[in-house]
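Student: Could we go through this structure together?
Tutor: Certainly; here it is.

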Amino acid sequence: MARFLVTGGAGYVGSHVVLALRERGDDVVVLDDLRQGHRQAVAAGAELVVADVGDRKNLTEIFANWKFDGVLHFAALSLVGESMREPLRYMAENLSNTLWLAEAAVKAGCDRFVLSSTAALFGLPEIIPIEEDAGFAPVSAYGESKLMAERGLEWADRVHGLRSACLRYFNAAGADPQGRLGEDHTPETHLIPLAIDAALGIRPPLTVFGTDYDTPDGTAIRDYVHVTDLADAHLRALDVLKQGRSVRYNVGNGNGYSVLDVIRMVGEVSGRPVPYAEGPRRAGDPAVLVAANARLRRDTGWSPRYGSLEQVVRTAWTWRQKHPHGFDGVAATMSATPVAES
Ligand code: UFG
């Protein structure tokens with residue numbers, strides 16, 4: 001049995017990873033300030049420390065109180081649109097929080113670190129599917145902040161021997177298949193929850209951002225990876241780090257679906273029409289993002305268990321129907337226009 005520190009473990013992806021760690025019998029300490037996370041999302045038996053990951057004094061105390069076999073760092077600012085309004089805050093916070101956390105781990109003799117990274121590193125890729133070594137050219141401050149964080153971790157490896165796995169998520173989606181956890185962001189900007197809420201009538205009709213892309217139906221294509229499969233990739237990455245080398249993996253199914261494919265699937269799964277309107281493109285959105293996942297499969301034996309769009313949408317739909325107001329029972333915000341990253 002091992003013990004892990006999970007920052008942002010009360011958030012969407014973090015909470016699914018904490019659940020997976022607890023299920024395999026590991027001890028978990030969650031560090032989350034609950035600004036975005038939800039107390040109810042933290043799996044039973046995990047210790048919750050409510051504090052800001054940027055509070056270095058608190059980090060020192062945590063590493064003094066517990067001995068960790070690894071750190072998984074989810075807590076971060078993660079809205080692409082917001083990062084284009086506040087680029088300096090995004091870069092400063094995401095980079096410094098990662099580096100101080102890595103330093104605290106090094107000082108405590110903990111030598112495994114997993115970073116939530118992103119497909120946004122690749123900017124507007126020319127070659128699909130996207131390999132790990134495709135050029136980095138982020139087109140958002142969010143993507144840049146994660147690229148800098150990855151680079152910081154390369155130095156931590158070189159100088160201190162801190163082994164890191166940077167997992168570049170494509171579009172994390174879906175919910176725990178047993179219905180224990182789901183997606184509950186404020187504001188919500190992601191396609192699948194917004195389409196589901198539009199079908200349920202608890203949010204206004206969806207706006208399709210752009211119908212003039214160079215894709216078969218004119219809408220943007222993404223690789224929707226199930227959050228439980230994403231969680232599994234983290235556990236496998238932790239095991240690979242035991243081999244004593246740092247790794248970088250793109251995490252996606254390798255299949256792309258358009259915005260209209262997603263709308264159709266939400267309609268089929270829910271049995272309700274998804275009201276939507278066509279709108280202009282959203283700034284900074286690439287036409288197509290699909291992962292090449294051969295490296296992850298080869299090194300770790302990972303393969304998606306919930307790889308179909310139907311499974312992704314069905315689990316998200318099931319959770320949302322049971323939790324129309326999210327974890328806290330607070331009504332989802334109704335606004336005149338859909339909340340969107342710009
Ligand atoms: N979309 C709409 N209408 C909406 C919301 C989204 O048409 O109301 C479209 C987007 O334009 C995009 C697709 O649906 O084409 C998926 O959008 P999401 O907002 O769900 O996800 P993104 O692809 O924008 O973002 C994801 C991650 C980011 C990461 C980014 C990399 O959430 O953290 O991929 O580009 F940075």
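**Ligand shell and domains**

Tutor: The shell around the ligand draws at least three residues from each of domain 1 (3–172 + 225–251) and domain 2 (173–223 + 254–291 + 305–322), with domain bounds coming from an automatic or database domain assignment. This is a predicted model, in which local features need pLDDT of at least 70, side-chain atom pairs count only at pLDDT 80 or more, and totals for chains, interfaces and linings use all residues. Residues are numbered from 1 along each chain as its sequence is written.

Student: How many residues surround the ligand, and which are the closest?
Tutor: There are 24 around the ligand, the closest being Ala-120, His-190, Leu-191, Phe-209 and Ala-220. A residue is near a molecule if its C-beta atom, placed from the backbone, lies within 6 Å of it.

Student: Which elements give two or more residues to that shell?
Tutor: They are α6 (191–200) and β8 (206–209); β8 gives the most, with four residues. Helices (H or I, at least four residues) and strands (E, at least two) are DSSP runs, numbered from the N terminus.

Student: How many residues do the two domains bring into contact with each other?
Tutor: In domain 1, 28 residues are in contact with 25 residues of domain 2, a contact being two C-beta atoms, placed from the backbone, within 7 Å. On the domain 1 side, α1 (12–23) is among the elements supplying at least two residues, and the largest share, four residues, comes from α1.

Student: What does the chain average in pLDDT?
Tutor: The average is 95, and 96% of the residues score at least 70; pLDDT is the predictor's confidence in each residue, from 0 to 100. Over residues 330–342, pLDDT stays under 50.
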